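Here are some short exercises to work through with the model open beside you. Try each task before you read its solution.

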Amino acid sequence: MFTRLFAPKVKVSAHCDLPCGVYDPAQARIEAESVKAVQEKYQANEDADFRTRAVLIKEQRAELAKHHVSVLWSDYFKAPHFEKYPQLHQLVNDTLKALSAAKASNDPATGQKALDLIAQIDTIFWETKKA
């Protein structure tokens, strides 16, 4: 009786993680900007409690940035994109590695490197949107 009462009335499915048309490297860029900003704030503050919170936030934002880059790679970019931009696989890999390095470091230079790589993905992404 209870299983019928609480059973879903409508079943839905999707072919991707996000509704089509909302992919955008800006999501990764915003998170990576947060990583770099937190690294800068960490460097400017000597308070141990502040630094502990900063590290936690930085690591969370780096993971979110990695997630957004991974979703672009696995769900948005398709075979024709990889054929036209053969560097794309390596670029995504380098970006994920840079985000991991930024996650593990409090040096803003690591955050900037990740941002620079995301900017390259962004350029390719918008070129594919024009096609």
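**Exercise 1: a pair within one helix**

Does Glu33 count as buried, partly exposed or exposed, and at what relative accessibility? Then find its salt-bridge partner.

*Solution.* Keep in mind that this is a predicted model.

Step 1. Buried means under 20% relative accessible area, and exposed means over 50%. Glu33 has 37% relative accessibility, so it counts as partly exposed.

Step 2. Glu33 forms a salt bridge with Arg29, and the closest N and O atoms are 2.9 Å apart.

Step 3. Arg29, at 34% relative accessibility, counts as partly exposed too.

Step 4. Both Arg29 and Glu33 lie in helix α2, 4 residues apart, which is about one turn of the helix.

**Exercise 2: a pair between two helices**

Which residue meets the side chain of Glu63 in a salt bridge? Work out what this pair ties together.

*Solution.*

Step 1. The partner is Lys103, with a distance of 2.8 Å from N to O.

Step 2. Glu63 belongs to helix α3 and Lys103 to helix α5, so the salt bridge ties together parts that are 40 residues apart in sequence.

Step 3. Check the surroundings: Glu63 is partly exposed at 35% relative accessibility, and Lys103 is partly exposed at 25%.

Step 4. Now widen the view. Glu63, Lys66 and Lys103 are linked in a network of salt bridges. A search of the whole structure finds 6 salt bridges.

**Exercise 3: a buried lysine**

Which side chain of opposite charge is nearest to Lys58, and how far away is it? Decide what follows for a salt bridge.

*Solution.*

Step 1. Locate Lys58 in helix α3, which covers residues 48–76.

Step 2. The nearest side chain of opposite charge is that of Glu59, 4.6 Å away.

Step 3. A salt bridge needs the nitrogen and oxygen within 4 Å. Lys58 has no salt bridge, yet it is buried.

Step 4. Look at its neighbours. Leaving out residues up to four places away in sequence, Lys58 touches several residues, including Val35, Gln39, Ala102 and Asn106.

**Exercise 4: the two sides of a helix**

What span should helix α5 have, at 1.5 Å a residue? Then sort its buried and exposed residues.

*Solution.*

Step 1. Helix α5 runs over residues 88–104 and has 17 residues, so it should span 24 Å; its end C-alpha atoms are 24 Å apart, which agrees.

Step 2. The buried residues of α5 are Leu88, Leu91, Val92, Thr95, Ala98, Leu99 and Ala102. They cover an arc of only 125° around the axis, which puts them on the same side of α5.

Step 3. Lys97 and Ala104 are exposed on the other side of α5.

Step 4. The buried residues of α5 pack against α2, α3, α4 and α6.

**Exercise 5: the nonpolar core**

Which residues of the largest nonpolar core touch the most other members? Trace where the core comes from.

*Solution.*

Step 1. This core has 23 residues, and those touching the most other members are Val69, Leu72, Phe77, Leu88, Leu99 and Ile121.

Step 2. The elements giving two or more residues to the core are α2, α3, α5 and α6. The largest share, 7 residues, comes from α6.

Step 3. Take Ile121 as an example. Setting aside residues up to four places away in sequence, Ile121 touches Val69, Leu72, Phe77, Leu91, Val92 and Thr95.

Note on methods:
Residues are numbered from 1 along each chain as its sequence is written. This is a predicted model: local features need pLDDT of at least 70, side-chain atom pairs count only at pLDDT 80 or more; totals for chains, interfaces and linings use all residues. Side-chain values use heavy atoms; hydrogens and water are left out. Buried means under 20% relative accessible area, exposed over 50%, partly exposed in between (1.4 Å probe, protein chains only). Lys and Arg count as positive and Asp and Glu as negative; His and the chain ends are not counted. Contact means heavy atoms within 4.5 Å. The expected span of a helix is 1.5 Å times one less than its number of residues. The arc is that of the directions from the helix axis to the C-beta atoms. A nonpolar core is a set of buried Ala, Val, Leu, Ile, Met, Phe, Trp, Tyr and Cys residues joined through side-chain atoms within 4.5 Å.
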